[in-house]
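Subject: Handover of a structure for your study

Dear colleague,

I am pleased to hand over the structure shown below. Please look through it first, and then read the notes that follow.

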Amino acid sequence: RLFGGLLRDIRRKAPWYGSDFSDALHPQCLSAVLYIYLATVTNAITFGGMLGDATANMQGVLENFLGTAFAGSIFCLFSGQPLTILSSTGPVLVFERLLFSFSQDHSLDYLEFRLWIGLWVAFFGVVLVATEASHLVRYFTRFTEEGFCALISLIFIYDSLKKMRSLADTFPINWQYRLDNVTSYSCTCNLSSPAPAPGRVGEGLGGPQVSGHDPSSPPALSLQHPATLAGLSRTQCLAQGGHLLGTSCQYVPDVTLLSFLLFGVTFLSCTAFKRFRSSRYFPAAVRKLVSDFAIILTILASCAIDATLGLETPKLLVPSELKPTNPARGWIIFPFGANPWWVCLASAVPAVLVTILIFMDQQITAVILNRREYKLQKGAGFHLDLLCVSLLMVVTSATGLPWYVSATVISLAHMESLRKESVTSAPGEHPEFLGIREQRLTGLAVFVLMGVSVFMAPVLKHIPMPVLYGVFLHMGVAALNSIQLTDRVRLLLMPAKHQPDLPYLRHVPLRRVHLFTIIQLLCLALLWVIKSTMAAIIFPVMV
């Protein structure tokens, strides 16, 4: 019946609302807040930067911070599954890029056009809630869930490695360095003569500069211009209209090496500390504490190593001023005035595509988070979640903030950080998984911290970006290991006598299992190809 599913969700969740706050009074929740906060901050900066590039800074990092804080807080307070973490997603980013290009090509105001699309999406979302369309999730099988989860996990892994590769481009390594030619490397400030022609570059401690000297050749004597000054920093030199001259101005030694070391150490330490719970050493309480605070301990240790060595590795930079990224826009988007009247009606067409995109992205993630194996006690709320996301579209569209849906990998990481296990067990026996610590406070605290991050910039600037990329890699690998597909891929490479005693191997012929896995991998490859092209906007339909 009309809104019947929504009313059932509310009746199911209402009795648990008080315990959703009292159940969070546990040290494990503090660890989860800090872990998911840093992951969400990094994700917001990454997507905010890409949104800024795609929309000429009509939406940027600050807008993403404020939007994530507002939408996430409201969702955690009123949703049916508060363990869900909201974030911008890849398909939404592709749509924003296409919409901005279309607006530019047809002389339309982008934010006003986007406002009407958001209003239509919210209307269609409420219609889907009223007609109980969320019951369609019954057709999302394990095949679909695992394909979607594996793709998002692989994107996290790929993006973290890609970010590290870009650091190597920013702080390049001098492969032509020769120790015997160390006397030829120098970098000075020239205030009068024109910059030299680009050529080969050398090794040293200065900032960016091109030079015509070959560092692999023996040192050569050169006449220095009388206006060349020593003692000026790179910033001072460029500010006075000078240019850098010498063979050591292009490279910053050791930064790339330390960045990759921090990246690798962070990933391996996160994995090792998480597994410490099942170690044979130390009392159970100590093992549990180390495992619960694995990510925070790793980040603190990595930051300490970075601070001790003192190299200028790239750090986490968050916005420090509350003003729009693009000064040409304000905080409120008016629905009329900049575009023709018919745009408000024509916006319904792209809104249908965005509605499908939001519905699929939101509900597949919700199905994954509400799996039976997580032993959730307080029930799901598919209709209520969709209503919250739809109504939030109205506010974010009217204020020019990004659109948000459930983020699969970060939400799974949130669930994993709140695992409950038995304290007592027989010698040699692994603790029994008891369920998830279901509550609203960790997610709410994460998003409140997101909102005040603007005022925490002096503290956050000490966290190296390679450390956060290592945490991203850990999250992607952990999410990938949480699905059955990973186990079945291992079975493809494992002789029968070494295969574990898995329940489905007792009922399904091995050849049939391998066929299922191969078809799933082919579909995953197809999704990856679609994701990598401009056709990514139809990604939810392909799922």
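I begin with one charged pair: the side chains of Asp306 and Lys315 form a salt bridge, with 3.2 Å from N to O. Please bear in mind throughout that this is a predicted model. The two partners differ in their surroundings. Asp306 has a relative accessible area of 4%, so it is buried, as the limit for that word is under 20%. Lys315, with a relative accessible area of 23%, is partly exposed, because this value falls between the 20% limit for buried and the 50% limit for exposed.

**Salt bridges across the sequence**

The structure holds twelve salt bridges in total. One of them joins Asp20 to Arg440, whose closest N and O atoms are 2.8 Å apart. Asp20 belongs to helix α2 (residues 19-22), while Arg440 sits in the loop between β7 (433-436) and α16 (441-452), so this pair ties together parts that are 420 residues apart in sequence. Both Asp20 and Arg440 are buried.

A further salt bridge links Asp23 with Lys378, and here the closest N and O atoms are 3.0 Å apart. Asp23 is found in the loop between α2 and α3 (27-54), and Lys378 in the loop between α13 (348-369) and α14 (382-398); the pair therefore ties together parts that are 355 residues apart in sequence. Asp23 counts as partly exposed, at 32% relative accessibility. Lys378, by contrast, is buried, with a relative accessible area of 5%.

These two pairs should be read together, since Asp20, Asp23, Lys378 and Arg440 are linked in a network of salt bridges.

**A nonpolar patch on the surface**

Which residues form a nonpolar patch on the surface? They are Leu492, Leu493, Ile518, Leu521 and Leu522, and together they have about 480 Å² of accessible area. Helix α21 (residues 510-531) provides the largest share of this patch, namely three residues.

Leu521 may serve as an example for you to locate in the model. This residue has its place in helix α21. Its relative accessible area is 31%, so Leu521 is partly exposed. A residue in a patch must have over 30% relative accessible area, and Leu521, at 31%, fulfils that condition.

Yours sincerely,
A colleague

Technical notes: Residues are numbered from 1 along each chain as its sequence is written. This is a predicted model: local features need pLDDT of at least 70, side-chain atom pairs count only at pLDDT 80 or more; totals for chains, interfaces and linings use all residues. Side-chain values use heavy atoms; hydrogens and water are left out. Patches are made of residues with over 30% relative accessible area and no salt bridge: like charges are joined within 9 Å, nonpolar side chains (Val, Leu, Ile, Met, Phe, Trp, Tyr) within 5 Å. Accessible areas come from the Shrake-Rupley method with a 1.4 Å probe; for residues, only the protein chains shown count as cover. A salt bridge is a side-chain nitrogen of Lys or Arg within 4 Å of a carboxyl oxygen of Asp or Glu. Helices (H or I, at least four residues) and strands (E, at least two) are DSSP runs, numbered from the N terminus. Buried means under 20% relative accessible area, exposed over 50%, partly exposed in between (1.4 Å probe, protein chains only).
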